[in-house]
Amino acid sequence: MTTSTSELNADQINQYFTRIELPIKFHNVSPNLELLTTLHVHHISSIPYENAALHYTTKPHISLAIPDLYHKFVERSRGGYCMENNIFFHHVLRFLGFQVYLTGARLYRESTSSLPGWSGWEHSVNIITIDGIKYLSDVGYGGDGPGMPMPLIKQSTIIHNIGTQEIRLLHGSMPGLVEGHEDLWTFQFRNSVEKPWRCGYGFYELEFFQRDFEISSFYCSQNPACFLTFNLLVMRFLRDEGKVYGKVILEQNKLKENLGGKSVLVQTCQTEAERQKVLSDRFGIVLTAEERSGIVGRSTALTG
């Protein structure tokens with residue numbers, strides 16, 4: 001595991017705590033599972049998963065540099081996609097003294113997808129060791145992501161996530177892989193006990209470096225085959241009394257809410273003005289005039 005220090009300083013961490021509304025009692029405590037869980041919950045319910053930077057711009061570009069992520073997340077109250085969220089969260093955990101490293105993950109797409117099967121390294125997660133036990137903390141997967149850290153235990157444990165949804169980590173190989181992948185972990189979810197388990201992604205306990213994710217992020221932000229480049233997606237979890245209870249999602253022009261049961265269509269945006277108001281009112285994303293003009297002529301623009 002790398003021993004390099006965080007690129008964030010004390011003042012930036014305090015500003016981040018304000019951004020995620022972290023309770024004062026957690027501001028000066030030693031690393032433990034309660035602190036990790038609280039940080040995880042407050043991050044995903046304050047900083048949205050969003051890829052608006054790939055659509056409201058004339059030059060799509062995602063920077064993974066920590067100063068740029070700090071400016072985007074904290075100073076501009078924006079969000080980001082998986083690698084942005086998890087890399088920034090990684091540096092927060094480092095600063096606070098957690099034993100943590102990043103690893104890459106392969107997304108698993110079902111047969112109904114245009115690119116079925118295992119992806120390349122298109123995702124990232126944090127692995128944290130507390131009292132000798134490793135935990136997965138993923139604050140950047142989106143709507144079906146874990147609402148809390150999950151222990152890496154080979155005897156799989158089913159965890160309640162949101163509403164009727166359950167999640168688990170399985171250890172061992174999966175269909176579609178050649179032999180020799182017995183050390184694979186897969187994150188899986190199902191929306192109720194009557195539904196089949198779905199595989200979200202798979203990962204190994206191999207440390208990835210910043211440069212690994214720069215390669216992955218370049219593909220995710222620039223390759224026209226990646227869904228992020230042709231689909232606007234914004235998602236934020238909802239929190240009450242320190243727990244996640246639902247989520248709000250904007251996919252292209254459809255605003256949906258899930259308050260613990262199933263997703264309900266709230267609004268269909270017909271114009272850019274409507275969608276940009278939703279971005280501001282529901283997600284706290286306020287676009288500059290230059291960013292707003294960047295959507296003109298794009299396939300994701302609303303022309304009603």
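Q: Two strands pair if DSSP finds at least two bridges between them; how do you know that strand E12 and E13 pair?
A: Strand E12 (residues 254-258) and E13 are joined by four bridges, in the antiparallel sense, so the requirement of at least two is met. One facing couple is Lys254 and Thr268 of E13. Strands here are DSSP runs of E of at least two residues, helices runs of H or I of at least four, numbered from the N terminus.

Q: What kind of model is this?
A: This is a predicted model, in which local features need pLDDT of at least 70, side-chain atom pairs count only at pLDDT 80 or more, and totals for chains, interfaces and linings use all residues. Residues are numbered from 1 along each chain as its sequence is written, and side-chain values use heavy atoms, without hydrogens and water.

Q: Why are E1 and E13 said to stand at the edges?
A: The open sheet of five strands runs in the order E1-E10-E11-E12-E13, with antiparallel pairing. Strand E1 (49-50) and strand E13 (264-268) each have a single partner strand, so one side of each lacks a neighbour in the sheet.

Q: How do you know that E11 pairs with E10 and with E12?
A: Happily, the bridges settle both cases. E10 and E11 share eight bridges, with Leu238 and Gly246 as bridge partners. Five bridges join E11 to E12, and Lys247 is partnered by Asn258. Both couples also form hairpins with two residues between the strands: in that of E10 and E11, Glu241 takes a positive phi near 50 degrees, while in the turn of E11 and E12, Gln252 has a positive phi of about 60 degrees.

Q: Why is H3 described as roughly perpendicular to H4?
A: Helix H3 (residues 66-75) and H4 pack at about 105 degrees, with axes 10 Å apart. Angles of 65 to 115 degrees count as roughly perpendicular, so H3 earns that description against H4.

Q: Which residues make the contact between H3 and H4?
A: On the H3 side, Ile66, Leu69, Tyr70, Lys72, Phe73 and Val74 meet Glu84, Asn85, Ile87, Phe88 and His91 of H4; contact means heavy atoms within 4.5 Å. Setting aside neighbours within four places in sequence, Phe88 touches Leu8, Tyr16, His43, Leu69, Tyr70, Phe73 and Val74.

Q: What makes a set of residues here a nonpolar core?
A: Its members are buried Ala, Val, Leu, Ile, Met, Phe, Trp, Tyr and Cys residues joined through side-chain atoms within 4.5 Å, where buried means under 20% relative accessible area, exposed over 50% and partly exposed in between (1.4 Å probe, protein chains only). The largest such core has 50 residues, and Tyr16, Leu39, Phe88 and Phe98 have the most contacts inside it. Helix H4 (residues 82-95) gives the most to this core, seven residues. Another core, of 17 residues, lies apart from it and includes Leu238, Val248, Cys269 and Leu287.

Notes:
Axes are lines fitted to C-alpha atoms, for helices over the stretch in contact, and angles run from 0 to 180 degrees between N-to-C directions. Angles under 35 degrees count as roughly parallel, over 145 as roughly antiparallel, 65 to 115 as roughly perpendicular and the rest as oblique.
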